[in-house]
Amino acid sequence: MKTIALLLALWAGQAAAHEVHHAVETTTAVAVRLTYADGEPFAYEAFEATPEGGERPAQVGRTDAQGRAVFVPGNAIRWRIKAFSADGHGVDVRIEVPTVAAPTTAAAPPPDTPNRASLLVFGLGLILGGFGLYQLRLRKTP
Amino acid sequence: MHIPDGFLSPQTYLPAAALAAGAWAWAAKGLRDRLDETTVPRLAMLTALAYGLGLVMVPLPGGTSGHALGVAMLALLFGVRAAFVAYSLVLLLQSLLFGAGGITALPVNALAMGLVGATAAVAIRRLLAPFGDTVAVGAAAWFSVVLPGAIVALVLGLQPLIAAAPDGTPLFFPFGIAVTLPAVLIPHVFIGAGEAVLTVLVWRYAKARKWAAA
């Protein structure tokens, strides 16, 4: 009987070691929104968030339905965000986030980048212009 | 299908860059002899079309989306070498201007889509020529999408084996071939069908105007 009690006590102790406890914390997180070029969310895809200089990701997970990769930055400011789908789409970007002490609601405005239509026309211009120059070269050198 | 930066290990993209450099040199050699004042504007127009096609996303079954390549029509009308050079230019611009595909991944993307895609298109068309133009050109275009897709899937799927931390954690891309092959190929079966229709239409248009040389 004593032996059985001892085994039960040991088993219970081991079982307790497998429990996962939880605690609710209020903290500051960063959400990086990822979308395809057409605006479709890069949803439910794998991502890694690694602080600058870190060898391993501090956070690995999946983006949510709206394509947001959410992680808790702590004191690290510069992060590398890598997100990938199994078919080879994704991004590997370096971002800066506000420190925990800084007001997190004042997000930095997005950089002033040219819109997609301008880039499309610019690229078409480069192609047609490049071939035009090649054509001129062909005419000049018989 | 455009592999972004950061997904491929140096063990992959450095040898690929050496291979691509050789392939680009081979493709550029004698290009002037094959192009003249008549073909250059046509090549420019279809290169611009391929560039635009790569940026138009079409919804696909399963919630994903894809885009046509346009490499088959380049290859069938201007040959493998010109198509490879032109499509490499397309990939470079898409990468620099839109971030569609990475600079470090450009050699792999160019070899897969530009060289293998163009070669497959020309070879399949010749092989299936007895079945008629529509079948041969359509199949050529389909394979010009699916074969590069398979190569991209294999290259991505091999990354966990090529570059991993001592504990086995993949350093560049986490999914193996068992995941990447179906993930890339299944959508590209549909994309290939769309590419086939588009290429046949362009081919007929070009043939009616006696552009086709291949």
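**Exercise 1. Contacts of V152(B)**

Find which residues V152(B) is in contact with, leaving aside its neighbours within four places in sequence.

*Solution.* Keep in mind that we're working with a predicted model. Once the sequence neighbours within four places are set aside, the list reads G88(A), M1(B), I3(B), A112(B) and V184(B). Next, place the residue: V152(B) sits in helix α6 of chain B, which covers residues 133–162. Then look at V108(B), which is 44 residues away along the chain. In space, the C-alpha atoms of V108(B) and V152(B) are 7.8 Å apart.

**Exercise 2. Buried or exposed?**

Decide whether V152(B) is buried or exposed, and say why.

*Solution.* Start by counting the C-beta neighbours of V152(B) inside 10 Å: there are 26. The cut-off for a buried residue is 20 or more. So V152(B) counts as buried. Now zoom out to the chain: 51% of the 214 residues in chain B count as buried.

**Exercise 3. Helix α5 of chain B**

Check whether the end-to-end span of helix α5(B), residues 106–127, agrees or disagrees with its number of residues.

*Solution.* The helix has 22 residues, and at 1.5 Å a residue it should span 32 Å. Its end C-alpha atoms lie 30 Å apart, so the two values agree. Is the helix free of kinks or kinked? Look around V116(B): a kink of about 25 degrees is centred there. Finally, check how covered the helix is: 17 of the 22 residues of α5(B) are buried, which makes it mostly covered.

**Exercise 4. The overall build of chain B**

Work out the secondary structure pattern of chain B, then test its radius of gyration against that of a compact globule.

*Solution.* Count the elements to get seven helices and two strands. Reading along the sequence, you get α-α-α-β-β-α-α-α-α. For the second part, a compact globule of 214 residues would have a radius of gyration near 17 Å; chain B has 17 Å, so that fits. Along the principal axes, its C-alpha atoms fill a box of roughly 60 × 40 × 30 Å. As for contacts with a separation of 6 or more, 73% of those in chain B join residues 24 or more positions apart.

**Exercise 5. Where the chains touch**

Find which element of chain A gives the most residues to the side that touches chain B.

*Solution.* Overall, 26 residues of chain A are in contact with 34 residues of chain B. On the chain A side, β5 (78–84), β6 (90–96) and α2 (116–140) each give two or more residues. The winner is α2(A), with 13 residues. Sorted by class, this side has 16 nonpolar, four polar and six charged residues.

Key. Residues are numbered from 1 along each chain as its sequence is written. Chains are lettered from A and ligands numbered from 1 in the order in which they are written. This is a predicted model: local features need pLDDT of at least 70, side-chain atom pairs count only at pLDDT 80 or more; totals for chains, interfaces and linings use all residues. Helices (H or I, at least four residues) and strands (E, at least two) are DSSP runs, numbered from the N terminus. A residue is buried if 20 or more other C-beta atoms lie within 10 Å of its own, exposed if 12 or fewer, and partly exposed in between; C-beta atoms are placed from the backbone. Two residues are in contact if their C-beta atoms, placed from the backbone, lie within 7 Å. Ala, Val, Leu, Ile, Met, Phe, Trp, Tyr, Cys and Pro count as nonpolar, Asp, Glu, Lys and Arg as charged, and the others, Gly among them, as polar. The radius of gyration is taken over C-alpha atoms; the globule rule is 2.2 Å times the number of residues to the power 0.38. The expected span of a helix is 1.5 Å times one less than its number of residues. The bend at a residue is the angle between axes fitted to the seven residues ending there and the seven starting there.
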